[in-house]
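Here is a short set of exercises to work through with the model open in your viewer. Try each task before you read its solution.

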Amino acid sequence: MPLEELRQLFAQVEVDIASGPIVPQVSLQNVRDHLASWYDFTKPMTLDDVTADVERMLRTWQVQVTHPRYFGLFNPSVTLASVVADTLVAMYNPQLASWRTSPAANEIERHTLAWLAGKFGFPADAAASFTTGGAEANLSAVLVALTRAFPEYGDGGLRTVTASPRIYLTHESHASFNKIAHMTGIGRQALRVVATDRNLEMDVEDLARLVTEDRRSGLTPLMVVGTAGTTAAGAIDPLPGLARFCKREDVWFHVDAAWGGAAILSPRLRGHLAGIEAADSITCDAHKWFSVPMGAGMFFCRHAAVVSEAFRAQTTYMPGKAAGSVVDPYTTSVQWSRRFIGLKLFLALAERGESGYVELIEHQARMGDLLRETLARAGWRIVNNTPLPLVCFTCNGLVASEFLGKLYERQIAWMSEVRLRRDPPVVRACITSFRTTASDIEWVVREMGRLAPHECEVSS
Ligand SMILES: Cc1ncc(COP(=O)(O)O)c(C=O)c1O
């Protein structure tokens, strides 16, 4: 593929986005009227015209998550290599359901996942697959844990399982587990919410108390979810303590490292993930801190045989299994037809090398530290505690929603509102772009000082 034109287009988009608005000013009616008037699909249009129009809509009618001042919800800026990968995937359209159909693509994914599994300290025979995102990886974990705990679950369904399985997590765990409890049939009430400490990390003593209490009541503890980088506050649950507890109690230990998992590559940060190597399963998203386009999650599980049991499938219309130690992904994962999700991580890793990735990740961690320090120096109160680049802050008299409204109106930055503990909403800012610079941060904090309410006493 000739790369030069794509490289130039990518560079141009980067410049246009960085110099344009972050937050769209468009109404629902604007968008619908435009679509209704341009696209009744009765007459063909030239590809150039449609492409130009769609690109205009994307440039003006969306929150620009790749903007250096988008301090948002884990949506990253993307690398050129990962965009090249997605272009190749769309063009060649490989089908990864079976190994025989796409040997190269399947082996590229296996190679990439095995490398990362090794970084997490997983054994070479662990199962791993790319998923659409973290929610699918978490779903896979619960399905596999249920299959191991209750061999009758797969064929007979939950009604043949006499136990009442329980999953232990905290208020800070990702809300996908509510949907997963619903989808797997264990029910939303199967989620047991464990208390957190003042850093919003799971309290292992409270976990022990709940598990003992549940066992006494005849319930069956199935899984503990430890989060490595919670969505709201970036908290890392005490993974070594949870690992020891789960081993002692024979409960599945799942680590949801959807965002924070990338820190495993960083010599400076990886110590904070200690304990992850003892997990039964891990969720880690490439489309978060690994800076590749959506959707690219990953599911790792040390019990390969149980994974094969949970997703077993057989039909005569699929190509037969190839000889040797290969797997057909449609028999070891949720999806059937399967896009070549892993190429964007493979290509980006191959281009930058591990050291390049470490630099990308540690740059964002440094920018997070700078944001925290600059805010504190200006008089803002920081209300979370994490080594990861996510800062929650407030000040006296701040109404977060009103403050954010002004921030968006002046196109200063995109941040979000979040409620921690039972306190009033605060502002949440996460460094999600490797393009965010120290001067972006200093400028944003200065401008925010001008918008803060009087009683705040922050400086601009
Ligand atoms: C900790 C955590 N787990 C899981 C998810 C869900 O991931 P996805 O949106 O990729 O499905 C998220 C999303 O932000 C998350 O922060």
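**Exercise 1.** Find which residues of α2 meet which residues of α3, and work out how the two helices are oriented.

*Solution.* Bear in mind that you are looking at a predicted model.
- Step 1: from α2, His34, Leu35 and Trp38 take part, and they meet Asp53, Arg56 and Met57 of α3.
- Step 2: sort these residues by class, and the contact of α2 with α3 comes out as three nonpolar, one polar and two charged residues.
- Step 3: now look at the axes. Helix α2 (residues 28-38) and helix α3 (residues 47-60) pack at about 175 degrees, and their axes are 13 Å apart.
- Step 4: angles over 145 degrees count as roughly antiparallel, so α2 is roughly antiparallel to α3.

**Exercise 2.** Write down the strand order of the seven-stranded open sheet, and explain why β1 and β3 each have one side without a neighbour in the sheet.

*Solution.*
- Step 1: the order reads β1-β7-β6-β5-β4-β2-β3, and the pairing is mixed.
- Step 2: β1 (127-131) and β3 (191-194) are at the edges with a single partner strand each, so each has one side with no neighbour in the sheet.
- Step 3: for the twist, neighbouring strands of this sheet are turned by 20 degrees against each other on average, ignoring direction.

**Exercise 3.** Describe how β4 pairs with β5, and then place α10 relative to these strands.

*Solution.*
- Step 1: strands β4 (residues 220-227) and β5 (residues 252-256) run parallel and are joined by five bridges. One to look for pairs Thr227 with Asp256 in β5.
- Step 2: helix α10 (residues 239-249) lies across β4 and β5, at about 160 degrees to β5.
- Step 3: the buried residues of α10 are Leu239, Gly241, Leu242, Ala243, Phe245 and Cys246. They pack against α9 (204-216), β4 and β5.
- Step 4: just past the end of α10, check the backbone of Asp250, where phi is positive at about 55 degrees.

**Exercise 4.** In the largest nonpolar core, identify the members that touch the most other members, then list the contacts of Ile276 beyond four places in sequence.

*Solution.*
- Step 1: this core has 67 residues, and those touching the most other members are Leu207, Ile276, Phe290, Met298, Phe300, Tyr357 and Leu420.
- Step 2: helix α12 (residues 343-378) supplies the largest share of the core, with eight residues.
- Step 3: with neighbours within four places in sequence set aside, Ile276 contacts Phe120, Phe122, Leu239, Val255, Ala257, Ile264 and Ile282. Among these partners, Leu239 appeared in Exercise 3 as a buried residue of α10.

Terms used: Residues are numbered from 1 along each chain as its sequence is written. This is a predicted model: local features need pLDDT of at least 70, side-chain atom pairs count only at pLDDT 80 or more; totals for chains, interfaces and linings use all residues. Side-chain values use heavy atoms; hydrogens and water are left out. A nonpolar core is a set of buried Ala, Val, Leu, Ile, Met, Phe, Trp, Tyr and Cys residues joined through side-chain atoms within 4.5 Å. Buried means under 20% relative accessible area, exposed over 50%, partly exposed in between (1.4 Å probe, protein chains only). Helices (H or I, at least four residues) and strands (E, at least two) are DSSP runs, numbered from the N terminus. Contact means heavy atoms within 4.5 Å. Axes are lines fitted to C-alpha atoms, for helices over the stretch in contact, and angles run from 0 to 180 degrees between N-to-C directions. Angles under 35 degrees count as roughly parallel, over 145 as roughly antiparallel, 65 to 115 as roughly perpendicular and the rest as oblique. Ala, Val, Leu, Ile, Met, Phe, Trp, Tyr, Cys and Pro count as nonpolar, Asp, Glu, Lys and Arg as charged, and the others, Gly among them, as polar. Two strands pair if DSSP finds at least two bridges between them.
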